[in-house]
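Please work through the following exercises with the sequence and the model side by side, trying each task before reading its solution.

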Amino acid sequence: MLFEMSEYATTMPSVNQLELHPRFSSPELRRVAAKLGVQLMAYGSGNSALIEKSPVVAEIAARVGKSPVQVALKWTLQHGVAVVAQSKTPTHIVENSPSSLEGWELSTDDMAALDAMDESYPYYWDPVATEITVGGWSCTNCTTLDCTYINKAKAKKCEICGSNKSPKKRKV
């Protein structure tokens, strides 16, 4: 939509707010926005479905000594996207504050592992992905439809349960 807008708009937006997190990372929109000079602002970065249960995020969080939500917020910032971190609890407000995200970085490997979680599904508005809405590959070990392999069929193990059983193609 931003690209199409650039063909007719006399003034482009300065900021575009969108849901953004490792499971819905919008790489094409990030590329277009950067090309057009539009700053992206993410919401839902720490609220994506099952982000705290993801073994990928949990392993990175444990290694860097941060919470899974802080890892997701830092991933967002390292992609050059401003982030709106929201919480109702004082502890999480402090935990997700800008000062708690300064002085540390995610490695290139960590960023790649988080990027590989992309499912192109907006979980913020529909936290329960279904067979109809997601499609793709799923784990034969899990009973939930949210259990989707990283990089679809190229994954070595399930993102949610850690199973290394062969994935199955979901019907769409």
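## Aromatic rings and a charge

Exercise 1. In this predicted model, find how many aromatic pairs there are.

Solution. Ring centres must lie within 6.5 Å for Phe, Tyr and Trp rings to pair, and by this rule the count comes to zero aromatic pairs. A ring may still be looked at for a charge over its face, and here K74 lies over the face of W104, at 5.4 Å from the ring centre.

## The nonpolar core

Exercise 2. Determine which residues of the largest nonpolar core touch the most other members, and which element gives the most to this core.

Solution. Begin with the membership: the largest nonpolar core holds 25 residues, of which V71, L106 and L114 touch the most other members. Next, sort the core by element, and α2 (27-36), β2 (39-43), α3, α4 and α6 (108-115) are found to give two or more residues each; α4 gives the most, with five residues. Finally, take V71 by itself: once its neighbours within four places in sequence are left aside, V71 is in contact with V57, I60, A61, V64, K66, W104, L106 and L114. As a general background to this step, nonpolar side chains in soluble globular proteins tend to be buried together.

## Two loop residues

Exercise 3. Decide for S67 and for E52 whether each counts as buried or exposed.

Solution. S67 is found in the loop between α3 (55-64) and α4 (68-78), and because its relative accessibility is 14%, where buried means under 20%, S67 counts as buried. Apart from residues within four places in sequence, S67 is in contact with A61 and E95.

E52 lies in the loop between β2 and α3, and because its relative accessibility is 52%, where exposed means over 50%, E52 counts as exposed. Not counting residues up to four places away in sequence, E52 touches P68 and V69. The C-alpha atoms of E52 and V71, which are 19 residues apart along the chain, are separated by 9.8 Å.

## The sheet

Exercise 4. Establish the order of the strands in the open sheet, and explain why β1 and β3 stand at the edges.

Solution. The open sheet has three strands in the order β1-β2-β3, with parallel pairing. β1 (15-19) and β3 (82-83) each have a single partner strand, so one side of each is left without a neighbour in the sheet, and they stand at the edges. To follow one of the pairings more closely, note that β2 and β3 run parallel and are joined by two bridges, and that M41 stands opposite A82 in β3.

Conventions: Residues are numbered from 1 along each chain as its sequence is written. This is a predicted model: local features need pLDDT of at least 70, side-chain atom pairs count only at pLDDT 80 or more; totals for chains, interfaces and linings use all residues. Side-chain values use heavy atoms; hydrogens and water are left out. Helices (H or I, at least four residues) and strands (E, at least two) are DSSP runs, numbered from the N terminus. Buried means under 20% relative accessible area, exposed over 50%, partly exposed in between (1.4 Å probe, protein chains only). Contact means heavy atoms within 4.5 Å. A nonpolar core is a set of buried Ala, Val, Leu, Ile, Met, Phe, Trp, Tyr and Cys residues joined through side-chain atoms within 4.5 Å. Two strands pair if DSSP finds at least two bridges between them. Rings of Phe, Tyr and Trp (its six-membered ring) pair if their centres lie within 6.5 Å; planes under 30 degrees apart count as stacked, over 60 as edge-to-face and the rest as tilted. A charge sits over a ring if NZ of Lys or CZ of Arg is within 6 Å of the ring centre and within 35 degrees of the ring normal.
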